[in-house]
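I sat down with this one to look up a few things and jot them as I went. Here is the page, more or less in the order I wrote it.

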Amino acid sequence: MIQTNNQHILVVGGGIAGMMLSWHLYRSGVSFKILDEGYRSASSYQAAGLINPVTGRRFVLSWLYDQLVTYAERTYGEISDFLGVKVSREVRFVRDFSSPLEENVWLGKCGQKDYAPHIYWTRDIEIPGTVFSGGKTYGVTRGKRILSSILLDGWSDFCRQNGFWIDGRWDRPITESMPIELDGEPFDAIVFATGAARIWDQSWAHLPLIPNGGEYFIVRIPDFHTDYLLKRKEVLVPLGGEMHWFGATYDWDGVRQRPTAEGRNYLEESLKSMMFCRYEIVEHRLGLRPTVKDRRPLIGVSELQPRVYFFGGFGTKGFSLTPWWASHFISHMLRGIPLSEEVDLLRFHTR
Ligand SMILES: Cc1cc2nc3c(=O)[nH]c(=O)nc-3n(C[C@H](O)[C@H](O)[C@H](O)COP(=O)(O)OP(=O)(O)OC[C@H]3O[C@@H](n4cnc5c(N)ncnc54)[C@H](O)[C@@H]3O)c2cc1C
């Protein structure tokens, strides 16, 4: 816990993690600045921004879903009111089953108390030009989409207008004796919310944070309209007009800095197996997800410097996880409320 009454916090990183941290600091009346190097391959600018209750091949309800998403919905609603622009919307995913077994698992879950509010099945969906036609049974999931560029640009504009934003890169190592300051401006604490970019910062090298590559397409599909997000292996997300987001790959060797030929072939095959209508691949892009081997966030204090913290490791779910964990982390940093052991990076400390 930091000890002063009038805290002034430096947040390094203005992706969804840094945005959520600074939003909670602002709402708590705590002074802050965000330092961001404008790295646009950062995950938050590439993501589809989806919050999907049921994920994976076995259709498991996401970790702490009700608690996290109830809080996230409220937070995104408050941010929309504050910025005067809607930053999230309700969506429905329609899902094709790859086998009768998969279909049975889904139908069984639809009847269970925990799952029933989130998923159902139907035979009524017809989306011409896609596999979602022909009177088969499809699974449907209720979820959310966070409009990440509107959210992040809206918040950074607000921060810039109020002098809370600094363009630049943090490039000093973290040491026991380091001054907690930037260009002569003192801070009470520094929080690194640097996403997968941490691989370029040796100070956090002991943390098992693995950059995971996600390649995706921006696709133009003329004369094609549906409100559903179409999910097979990958998901097709309407962006407005003819433009769609389609992806993404999941590459554990996420050391690549550019989209690959393999990724392109994989996505082309996947798109072809779902869409029979005419489309054009407009762009092929890559983002790096900050994933952790035990699939839990990495939050807590540096083992070298008690006024330096890390807030990251949000993997594939930054948009549902960061609101709740930002609130939890700030209660810890400012008021000494113990961090949940499940997310505390102490689990990986070397000392
Ligand atoms: C293709 C793809 C699709 C995805 N889809 C979804 C989805 O649908 N739903 C979902 O919830 N999640 C999704 N994710 C995951 C999600 O994007 C991440 O969990 C989340 O964005 C991580 O946010 P972050 O702020 O921790 O990191 P980042 O988004 O990587 O942000 C880090 C920020 O730190 C800054 N920075 C880094 N180092 C420095 C430094 N030294 N000095 C100054 N600034 C620095 C960078 O400029 C950047 O702005 C997806 C990811 C990818 C790649």
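**Positive phi, away from glycine**

I started at D223, which is found in the loop between β13 and β14. My strands and helices are DSSP runs, numbered from the N terminus: E for strands, at least two residues, and H or I for helices, at least four. A note to self on ground rules: this is a predicted model, where local features need pLDDT of at least 70 and side-chain atom pairs count only at pLDDT 80 or more, while totals for chains, interfaces and linings use all residues. Residues are numbered from 1 along each chain as its sequence is written, and side-chain values use heavy atoms, with hydrogens and water left out.

Phi of D223 is near 55 degrees, a positive value in a residue other than glycine. D223 counts as exposed because its relative accessibility is 69%; I use over 50% for exposed, under 20% for buried and partly exposed in between, with a 1.4 Å probe and protein chains only.

L64 also turned up with a positive phi, about 50 degrees, and is not a glycine. I found L64 in the loop between β5 (60-61) and α3 (65-83). L64 has a relative accessible area of 31%, so I put it down as partly exposed.

**Around E234**

Next I went to E234, in the loop between β14 (228-231) and β15 (235-240). Is E234 buried or exposed? Its relative accessibility is 5%, so E234 is buried. Its side chain makes a polar contact of 2.4 Å with that of S270. By polar contact I mean N or O atoms within 3.5 Å; within protein one must be able to donate a hydrogen and the other to accept it, and residues adjacent in sequence count only if both atoms are side-chain atoms.

Skipping neighbours within four places in sequence, I listed the contacts of E234 (heavy atoms within 4.5 Å); among them are F246, G247, A248 and Y266. Two of these names came back: G247 and A248 are joined by a cis peptide bond, omega about 5 degrees. A248 sits in the loop between β16 (243-247) and α6 (261-272).

**The ligand**

I counted 40 residues around the ligand, with D36, S44, L50, W170 and G315 the closest; a residue is near if one of its heavy atoms lies within 4 Å. Side-chain N or O atoms of D36 and S44 come to 2.6 Å and 2.5 Å from a ligand oxygen, respectively. The protein covers 96% of the 1000 Å² of accessible area the ligand has on its own, by Shrake-Rupley with a 1.4 Å probe.

Which strand gives the shell its largest share? It is β17, with four residues. Domain 1 (8-49 + 147-208 + 294-348) and domain 2 (93-143 + 211-292) each supply at least three shell residues; the bounds come from an automatic or database domain assignment. I noted 30 Å between the two domain centres, taken over C-alpha atoms. The contact between them takes 21 residues from domain 1 and 15 from domain 2.

**Last stop, Q46**

Q46 is in helix α2 (residues 43-46), and α2 supplies at least two residues of the ligand shell. At 11% relative accessibility, I have Q46 as buried. The side chains of Q46 and Y216 share a polar contact of 2.4 Å. Beyond four places in sequence, Q46 also touches residues including R40, W245 and R285.
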